[in-house]
Amino acid sequence: MMRRQLRRREDEAAVDMTPMLDLVFIMLIFFIVSAVFLNESGLALAETPNTNPPGSSVQTILVQLDALDGAFIDGTRVNLIAIPSRVQTLRAQAPEAIVSVHAQSGTSVDAVVFLKDQMDAASIPVSIKVQK
């Protein structure tokens with residue numbers, strides 16, 4: 001009689017983990033399916049060929065950014081915020097002018113992205129060159 005009671009206690013003490021694992025996998029699948037996948041967009045910088053060879057009649061508006069986030073338009077120091085309006089003024093004088101931004105190595109990414117965003121907001125096409 002004692003042997004039967006010991007066997008019953010051993011059988012009763014066993015815990016079946018299968019339902020818990022099933023629940024964990026179901027929850028995992030639920031969270032994977034219901035997760036929001038972010039589509040982060042980056043700044044597309046592509047190397048552009050030299051479209052303005054020496055001796056060409058197309059005017060280039062050169063915007064330079066130095067390592068201290070100083071901005072220059074055709075050699076004249078300009079506030080970073082004022083660049084789009086200055087470029088629009090120069091483009092009014094020469095509508096076919098190409099706007100080229102040259103950033104020195106050490107220029108902050110924030111300054112380049114800020115300038116690109118401001119140019120896009122003003123609908124000014126711009127080519128960006130980052131020197132290494």
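I started with a strand pair: β4 (residues 98-103) runs parallel to β5, and 5 bridges join the two. I note that this is a predicted model. At the end of that pairing I looked up A103, which sits opposite V130 of β5.

Next I traced the whole sheet. It is open, has 5 strands in the order β3-β2-β1-β4-β5, and its pairing is mixed. At the edges I found β3 (76-78) and β5 (126-130), each with a partner on one side only. I also looked up the twist: neighbouring strands are turned by 25 degrees against each other on average, ignoring direction. As background, strands of a sheet pair through backbone hydrogen bonds, parallel or antiparallel.

Then the core. Which residues touch the most other members of the largest nonpolar core? I listed V63, L65, I83, V87, V99 and M119, out of 21 residues. Two or more residues each come from β1 (60-65), β2 (71-73), α3 (83-93), β4, α4 and β5. Helix α4 gives the largest share, 4 residues. I picked I83 for a closer look. Beyond its neighbours within four places in sequence, I83 contacts V63, A71, I73, V78, L115 and M119. In soluble globular proteins, nonpolar side chains tend to be buried together.

Last, I checked D110. It lies in helix α4 (residues 109-121). Is D110 buried or exposed? Its relative accessible area is 64%, and exposed means over 50%, so I logged D110 as exposed. I also looked up D69: its C-alpha is 9.3 Å from that of D110, with their positions 41 residues apart in sequence.

Notes
Residues numbered from 1 in each chain as written. Predicted model: local features only at pLDDT ≥ 70, side-chain atom pairs only at ≥ 80, totals over all residues. Heavy atoms only, no water. Buried < 20%, exposed > 50% of the residue type's maximum accessible area, 1.4 Å probe, protein only. Pairing = 2+ DSSP bridges. Axes fitted to C-alpha atoms, helices over the stretch in contact; angles between N-to-C directions. Core = buried A, V, L, I, M, F, W, Y, C linked by side-chain atoms within 4.5 Å. Contact = heavy atoms within 4.5 Å.
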